[in-house]
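This report looks at selected local features of the structure shown below, taking one residue, two sets of strands and one pocket in turn.

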Amino acid sequence: MLSQLLFAAVAALGAGDVLCLKDGRVVDGVPMERKDGGIALAYQNGTVFVADELIQDAVLEADAARAPADAAEAEQRKNGMVTFEGRWIPEKKRAELVAKRLAERRARAEEAKARLEWRNRAIVETKNLRFEHQLPDHVFAEYRDSLEAFLATFSRNWKLETPKDRAKLPVNIYIDRRNFFQVAGVSGGVLAYFRFKKPYDLNGYHDRLDPDYAKQVLYHEFVHYLEKLVDIDFAYPHFPNESVAEYYGASRWDPVARKFTTGLLQEGRLWEIQTDIAGGERMSLERLISSDRLYEHYTWGWSLVHYLMNDVKLEPKFESFFLALSKGKAVRRTAIGFDNLQTCSADEVWRVFRQEFGLKDAEAVRKFEVAWHEYVDGLIARNTSVAGKEKAGYQALETGRPLRAKRFFQEAIDAGSRSPRVFLEQAGLLLADGKAAAGLALIDRAIALDPLNGAFHGRKGRALKATGDKAEGERLVKLGREIGGDDPWIEIDLTDGDDDGTK
Amino acid sequence: MRHSAFARRATLGFRALAAAVLVAASALAEHKDARLGFSIQTPRDWNAIPQKADEAWLVANYQSNKAFFYTEKGGWTSEHKPDMQAIAFVSEQVKERARVEKKKDRKGNDVLIVDFVSPYKDYKDYMARRYSGGGWYVDKEEKVKVGDVDATAIEIRVDKLSYDGPKRIVTWVYHLPDLDLAVQFEVLQDSWPKVQAEVMRCFKSFKTMPRSGEALVREVSTGRRLSILEADELTPEERKGWRQSEEQTFHERAGKNLPAGWNSKKFGRFLVVYSCDEKFAKKVADQAEAVWQWLDATFPFVGEKEYVRAPVLRVCKSQDEMQQFQKAGDWNWNNLEIVTCQDYGGSTSWYLGAVNRGVLDVWFGDRDRELYWAMPAWLSGGLREVVAQARVDKGRIEFQRDDWNRDEVRTVVKEGRAKKPRELMMLTDTELMSGKAQNYWDVHGQSQALVTFLATGAAAKNARTKSFLQDYVKSLKAVQVELKAKQEAEKGEKADKSAKPATEEEEEKLFRDQAQGYKKAETDVLEKAFRRAFGAWTDKDWEQFENVYFQAIG
């Protein structure tokens, strides 16, 4: 009788527990139970605990049938009174209030889940932008506010205005990479893109494991649109286009102070530069600026822009150079062939650069280059943030330097990294060294940070199988497949001793 | 002539009846599949496209004869022909997504082979992993029924970065015992209203029929116990046997179950599968044979003992048909087909040139793949362009002059960007790919000019230089063999010394040595091959050679 009314009200909503995570995911179809500090999900192949700090909201059927907390409450219940938000009210009234609240929360959860299909995306217009997105509202808010703030900051810094007759830029944000590839029509290494041919269109995705980086990538692409405020008929050549985009990509929005800060460190790019230096290569100024479509425009090019924009004397010259490419009278431009667009050749960019910076001969170019390289060396030495250490680890791992990777990952962990990927990569390195206990402990930490990532359970399972605990290992691999995830390797179970648990 | 009112009405009635018959008849063509046990009407006048020889999951492929158009606002106009495909997803295979085999290689080492028998879970998985016509999403999905058969009707919109304009994909997935069959139509979004009625009629015409009893799963690798990479481990004699068997199997498969409008015929060593006119099919075969014989005569020393598998030549009657054919199937190492089309381009046809390149790839791939992959950019690029210009004239091979290349290279010479042959021959791939786009195309054009000069131009007729190309290729091979032997010897030493770095300093040193070493290795190979081939040439010899060369190309 105690909560039959409430239970009936909840049951009438539509059976099943539902969990909404702060990173935007919605989980249902799995029995859930509240525990101290979080919620336990009972999958067929095992129970997974999700800590409160990861949970945005949870609507459980069992919430309706809570036992009395103490004797006083038990006494009140005999009189038909129950506690609700610190006061005693009739049970029927509480049932109605709770049912209403549960219905609202369930509707929000259903809406969040429905948005996983692009046809149900949310459409939101702000002052200058038209968003179409799949994100839960609390995740979307930061994208919305930061992009408008970015536009205001860039316009202020470069003294630009958005023409009143300019249509709002469509900004499409997808819930994950898979959706981005599918709906935005790209693949491979593309992280986001701006369609620079009309109709303009900006597309990117939310990476729940690295939301800061996901925003930085979107800021990078947004710069290509902001350049249209400089001159809508000019397509900036690869340098300085991509280098400037990387410069502004390293920005951060503070939702509390409502402040947008630009020109921060691109830690990952710095480590790519360090890798080049370690391999015996330093980029020459001439090659950087006079080459078409060089990958190093994203790395060394970014560092050059960072150098110029952080020097009181050089910053105005760089701004003058940037604006001269599109507006300078003596600059040679050529038509691209659509949308009335023009551009410059890389040779012309190099000529204008030398002119703007007064580099009259090879010696002047050499001195300029030396100063820039020294600046880069200084940046590398300063690249000691947690994010910097994490990215140093990834870079070292990708370039076949596991000892270096291990050191940086450990430094990142010791400095407070909360990236599950870092824990997982370090676990892999330790397992490869035969340090099973240490490796498994780190996988557990990755799981604690992202318990509903099937790939992590799968990795632990394969590691256990490789170290002799076959039964438990198989259970975890099955659990991983049951939970699902972003990792296609959980679909393949490499067993019978072929897998050393490092992948 | 006057007619009675009755006669006029009767005539009109007859005409109306005839028109109705014609309209009804436009949906009466039928596709039947006894193996999977179904039939479905297809729009008449849509061409049936044959399947690839090793096709596993696409069971029907049709394309409309009629094109529709889309014009982008302020932009270009694209053409698109609607198409229909049927894809089967066999449920027992869905459970066994990968079959993992453990085998032993010839040295007795364990080798793990992962064979994706059924790579796609279901239709949406298939779309997610295969569709490349633009960004897409499911706009509508509902359960439907056709007779006793349950189906899911899915409408997909293709919007962002869509090729040829925004499109609509309409698919009904029929749920049969042990099998899901997806029948998919792809049309331009704007033209959907014009074809909708006919498409829906086709969907609703679906019927099941008794199955023939043939296995639902067509084994992708029938008779193919090895991949071409594994076949490298065999002796030349064993490899010859394997290749001959491969060739026969592939030819048999390619020539089977051809839809109406397609034929197959053996022309010499080639099986030609064609929907174009037979005269053109023979022309393609004759040309491929001429290129083959030229390669035999020009590079006889390359992989002398190796048997070269004759590819299937598939000649579609149009570019549209060819593109529709190529939409299906997955790439695999063992593919033995060159696909082209009748583009009526005459002697300058790009597609005939592509056949020649295909023959070049197959010939060198089977004679000596390692050597082919090791060729520097000037040689591999130049050879491909020169071979593309080959045509058969009165039974003899002739290499046409490429006017476009001639003009392009003249401009490069005039503007002072031309490289001497010696410089061109020493350019590494890393150097070529790390600079300006214009540099790349300059080099590509000059490579064609140089190889043309050597293979078919003045240099080919001069006693001193007529074997220039062959001498270089022989030298390159000799250097490759030496390098491989050295690496094998070092591998053994390194294994003993346990070369893994113990400290970060050692690791950084190794990294630097490898980074620099790779570049040095590239340069070393080119320098050694060059010296071995032309060590006896003096500077004066080179000046003379280059003068004649620049005269020929300038």
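In this predicted model, A:Arg421 has a relative accessible area of 33%, and because that value lies between the limits of 20% for buried and 50% for exposed, A:Arg421 counts as partly exposed. The residue has its place in helix α16 of chain A, which spans residues 420-432. Leaving aside the neighbours within four places in sequence, A:Arg421 is in contact with A:Asp207, A:Leu209, A:Asp210 and A:Tyr394. A:Ile443 is 22 residues away from A:Arg421 along the chain, and the C-alpha atoms of these two residues are separated by 9.5 Å.

Elsewhere in chain A, an open sheet is formed by 3 strands in the order β2-β1-β6, with antiparallel pairing. Its edge strands are β2 (26-28) and β6 (55-59), each of which pairs on one side only. On average, and with direction ignored, neighbouring strands of this sheet are turned by 15 degrees against each other. Helix α3 of chain A, residues 91-114, lies across β1, β2 and β6 of that chain and runs at about 120 degrees to β6(A).

Chain B offers a strand pair of its own, β5 and β6, which form a hairpin with 5 residues between them. Within the turn, B:Gly74 has a positive phi of about 70 degrees. The table sets this pair beside the one formed by β1 and β6 of chain A.

| Strand pair | Sense | Bridges | Residues opposite each other |
|---|---|---|---|
| β1(A) and β6(A) | antiparallel | 4 bridges | A:Leu19 and A:Ala58 |
| β5(B) and β6(B) | antiparallel | 4 bridges | B:Tyr70 and B:Ser78 |

The last feature is the second largest pocket, which has a volume of about 1,200 Å³. Of the 30 residues that line this pocket, B:Leu483, B:Gln487, B:Tyr518, B:Ala521 and B:Glu522 are the closest to its centre. Which helices of chain B each supply at least two residues of the lining? They are α9 (350-374), α16 (468-497) and α17 (504-534), and it is α17(B) that gives the largest share, with 12 residues. When the lining is divided by residue character, 13 of its residues are charged, 12 are nonpolar and 5 are polar.

Note on methods:
Residues are numbered from 1 along each chain as its sequence is written. Chains are lettered from A and ligands numbered from 1 in the order in which they are written. This is a predicted model: local features need pLDDT of at least 70, side-chain atom pairs count only at pLDDT 80 or more; totals for chains, interfaces and linings use all residues. Side-chain values use heavy atoms; hydrogens and water are left out. On a 1 Å grid over the protein atoms alone, a cavity is a set of points where a 1.4 Å probe fits but cannot get out, and a pocket is an open set with protein on both sides within 12 Å along at least five of seven lines; lining residues have an atom within 4 Å of a point. Grid points are joined across faces, edges and corners, and a volume is the space filled by probe spheres set on the points. Ala, Val, Leu, Ile, Met, Phe, Trp, Tyr, Cys and Pro count as nonpolar, Asp, Glu, Lys and Arg as charged, and the others, Gly among them, as polar. Two strands pair if DSSP finds at least two bridges between them. Axes are lines fitted to C-alpha atoms, for helices over the stretch in contact, and angles run from 0 to 180 degrees between N-to-C directions. Contact means heavy atoms within 4.5 Å. Buried means under 20% relative accessible area, exposed over 50%, partly exposed in between (1.4 Å probe, protein chains only).
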